[in-house]
Amino acid sequence: MQVSSLNEVKIYSLSAGRSLPEWLSDRKKRALQKKDVDIRRRIELIQDFEMPTVSTKIKVSRDGQYIMAVGTYKPRVRCFDTYQLSQKFERCLDSEVVTFEILSDDYSKIVFLQCGRFVEFHSQHGHYYKTRIPKFGRDFSYHYPSCDLYFVGASSEVYRLNLEQGRFLNSLQTEASESNVCDINPVHFLFAMGTAEGKVECWDPRTRNRVGLLDCALSSVTADTEIEGLPSISALKFDGALNMAVGTSTGQVLLYDLRSSNPLIVKDHHYGLPIKSIQFQHQLDLIISADSRIIKMWNKDTGKIFTSMEPEHDINDVCLYPNSGMLMTANEAPKMNIYYIPVLGPAPKWCSFLDNLTEELEENPESTVYDDYKFVTRKDLENLGLAHLIGSSLLRAYMHGFFMDIRLYHKAKMMANPFAYEEYRREKIRQKIEETRAQRVQLKKLPKVNKELALKLIEEEGEEQQFSKKRKQKNLPSLLKDDRFKVMFENPDFQVDEQSEEFRLLNPLVSKISEKRKRKLKILEELEAQGQEEEEEPEGKASDAESSESSDDEKGWVEEVRKQRKLLRQEEKLKRQERFKEDQQTLLKPQFFEIKEGEEFRSFKDSAKKQKLMKKTLEDRLKLEEKLGTLNVSDTTVGSKQATFKLKKSEQQRKQQEAEKRHRQERKALRRSASHLKSRGGRGRLFH
C-alpha cells in the first residue's frame, strides 16, 4: 500500500504493490507468496480487480453491492461482488463499449452503448436484446418517469428509445452539429446536453421544447487561461436541483447556477486536456474533476484546492463510492486503481477493516510491475550475450521484448560487466569525500568556461547584496544559478573571445579592469590545487590606489580607445604582410578550361571588356548601349523617360537565325522558279 499526502490530506493507494504476471500458474503464484514477504503483505482488496489490457468505464450499482467495469481487449464487462470481494461474472461483447448505465438497483438491468451504433441490453442471465441507432452515439441518459433513453452523438438529433413500448419516439432536433455528453437532473428531470460548439442546451422532456442555452465556450475564457481553438463540452453533471458542472475539452470546469447564464466559478486544470469526469462530494462540498493526467478535488464555493492525485497511467473514468472515502479509477492499464481518503468519509461497510489498517501504515515507495521478472529487449539480450536463449523457456515473449528471471539477469550482468561493483564502490567513496569536504571552509568554485565573467558576476552580486541590505530590498536572482544561462558556463562554444576586434573596441579598458580578476583567478586556482582550508587574501593595492586607478581609467577612456585602434591597425598590417609573403611563395600553375560544344573561343579580351564595363557607372553603360543600338531612350507625355532594351543574342542563336534566313530565301527562289515554269508550260499548250 502506498501513502501520499498533499495539503495534509492522506491518500492510500490500495492497488499499489507487487503484481504477478497472468501467465504464471497458480502453483507458482502460491510458491512466490510463501517465499516473498512483500507479496504476502500486499493488500488485494478485491480479487483480480483488473482488465486484460485497458479499462474504460467503471460504475457502482445503487445498492452498493456490485462494481461493474468495461474494457478491452477483447471487449468485455466484469462485475465484482463487494460482499464476496471477488468477481461475480464476466461477459464478452461484440464491439467496444462507449459507455453503459445500470438501470436497476443491482446488475439485473444494464444498457451498453457500443461503438458500432449498437445498443445492447443485458438482464440477470446475460444478453437480452440488441438494436441500432441511426448515427454513432457518444453518450446517453435514462429518464425514469417516462422510461425513455436519450442518445446523443454525431448528429444534430437526440434519439429517444422508449423501453416500455419498445420503439423509437420522435427525436429532438437541436441547433448543434454534434453532441458529446448529456445528463438528466435527478430532481426535476431537466435534460441537458453538451455540444461540440461549446454550448449546453437544456430541454424539458414533458413538452419536448428547449428551455435554455448556455454558451460555456465564451465563459471558459478568462484572463488567466490560454486556449487553442474553440472549447467543446466533454463532461456534464447535475448537483441537486439548481447546480450544474460543465467540463470543456481545453481543461476548464465551470460551475453554474441554473438561474444565471454566468458561471459561479471557473476552475482550470492547467494541462489543456479534456475533462473526463466530474463528481460531487456533498459531505465537504467538494467537486472531483479529472482529466487523463490528474484528479483534482476543490471547494465548490471558493475554488480552493483540497487535494489532488496523479496516477501512473492515464485516467479514463472516475467513480466515487457513495457515502464513503473510496475512489476508483479506470485507467490505460490492466490494473484498476482504488484509493481510500479517510478525510472524505469512512470506509465502506464491506471493507471496514481499512479504518484500522490505515492508522498503522507507513509510506512505502511503489514497486515496479513484476518485481521477480525483468523486462529486456532484444538489444539488451545481445549486450548481455543471452541472444541464444530466445525461444527457450527462460524467456517469456511480451510485446517488443521478453520477461526473464531477475536472478538470471543479475548473474548475466555481473558476467558482462564484472567491474560494475568496483565502479559503484568508487562512486560511493567519492560521494563520501564530497560530503566531508562540504564541512570545510567553502572556496569559490568557478565554472570551466567564462571564469572571468563568472567572477565578475559574483563580485557584482556581492555589491548588490550589500546595497540591498542598506535599502532593505529583495535580492535579484543570480545568472550563475539560473538554468536558462547554465549552458553559457558549460559549453566552450560560448567562451568570450577577448582578443576579437568587437570586444576590444566595446571594452577598451577591459585589460586594466580585468587585472584584479586575473590575480583572483590565479589565487583561487592555486587554492583549489593545494586544497587549502582557508582562503588567502590576494596581495594588491590599497583601496585609495584602487579608487585613484578607477578615476584614471575614466579620464583616459578616449586614449585607451585610440590605443586599441592603433593596435588593431598594426595587427591588420602584419596580417597583410604575412599574406603577401605567402602569395609570393606560392607557385602559380597554368589552368586549363574546357569549351562547351557549339561555342567558339575568341579571346580573353571579352572577359576583360565585360569587367571594365561592369566597373562603369549606370549612366556610362546606358550611353554605350544607346550608341550600339541596343537601347532606345525616349520622353513620354508625363515628363518621365522610357527606355527600351534589345537583348544581345548568343553566337549559337545568331547562327541559327542566319540558317533560318538562308532557308527562307532558298524557298522563295524555288517558288519563283516553279511559278515561272508553270506559266511558260501553260502558254505553250494555248498556242498549240
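A residue is called buried when its relative accessible area is under 20%. S277 has a relative accessibility of 7%, so S277 counts as buried. Keep that cut-off in mind, since it comes back below. One more thing before we dig in: what you're looking at is a predicted model.

**Two buried residues and who they touch**

- Let's stay with S277 for a moment: you'll find S277 in strand β23, which covers residues 277–281.
- Skip the neighbours within four places in sequence, and S277 is in contact with I288, S289, A290, D317 and V318.
- Now hop over to H269, which sits in the loop between β22 (265–268) and β23.
- Is H269 buried or exposed? Its relative accessibility is 1%, so H269 counts as buried.
- Again leaving out neighbours within four places in sequence, H269 has contacts with G251, V253, I275, S289, A290, D291, I294 and K296.
- S289 and A290 turn up in the contact list of S277, and they turn up in the list of H269 too.

**Nonpolar cores**

- As background, nonpolar side chains in soluble globular proteins tend to be buried together.
- Here, the largest nonpolar core has 24 residues, and the ones touching the most other members are L45, F49, I58, M326 and M328.
- Which elements give two or more residues to this core? They are β3 (54–60), β4 (66–72), β28 (326–331) and β29 (337–340).
- The top contributor is β28, which gives 3 residues.
- Take I58 as an example: beyond its neighbours within four places in sequence, I58 is in contact with F49, I67, M68, A69, F100, D317, C319, M328, T329, A330 and M336.
- There's also a second, separate core with 16 residues, among them I295, M297, I315 and Y339.

**A four-stranded sheet**

- Strands of a sheet pair through backbone hydrogen bonds, and the pairing can be parallel or antiparallel.
- One open sheet in this model has 4 strands in the order β15-β16-β17-β18, and the pairing is antiparallel.
- Which strands sit at the edges? They are β15 (179–184) and β18 (209–215), and each of them pairs on one side only.
- Going from one strand to the next, the twist averages 20°.
- Zoom in on β17 (residues 199–204) and β18: these two run antiparallel and are joined by 6 bridges.
- If you want to find a bridge partner yourself, start at W203 and look across to R210 in β18.

**Aromatic rings**

- How many aromatic pairs are there? The count comes to 10.
- F375 and F403 make one aromatic pair, and its geometry is edge-to-face, with 5.6 Å centre to centre and 70° between the planes.
- This pair links distant parts of the chain: F375 belongs to strand β30 (residues 373–377) and F403 to strand β32 (residues 401–405), 28 residues apart.
- With a relative accessibility of 27%, F375 counts as partly exposed, whereas F403 is buried, at a relative accessible area of 6%.
- Elsewhere, ring pairs link Y66, F89 and Y107 into a cluster.

**Charges over a ring**

- What sits over the ring of F118? The charged end of K130 does, 4.3 Å from the ring's centre.
- The charged end of R132 sits over the ring of F118 as well, 4.7 Å from its centre.

Terms used
Residues are numbered from 1 along each chain as its sequence is written. This is a predicted model: local features need pLDDT of at least 70, side-chain atom pairs count only at pLDDT 80 or more; totals for chains, interfaces and linings use all residues. Side-chain values use heavy atoms; hydrogens and water are left out. Two strands pair if DSSP finds at least two bridges between them. Axes are lines fitted to C-alpha atoms, for helices over the stretch in contact, and angles run from 0 to 180 degrees between N-to-C directions. Rings of Phe, Tyr and Trp (its six-membered ring) pair if their centres lie within 6.5 Å; planes under 30 degrees apart count as stacked, over 60 as edge-to-face and the rest as tilted. Buried means under 20% relative accessible area, exposed over 50%, partly exposed in between (1.4 Å probe, protein chains only). A charge sits over a ring if NZ of Lys or CZ of Arg is within 6 Å of the ring centre and within 35 degrees of the ring normal. Contact means heavy atoms within 4.5 Å. A nonpolar core is a set of buried Ala, Val, Leu, Ile, Met, Phe, Trp, Tyr and Cys residues joined through side-chain atoms within 4.5 Å.
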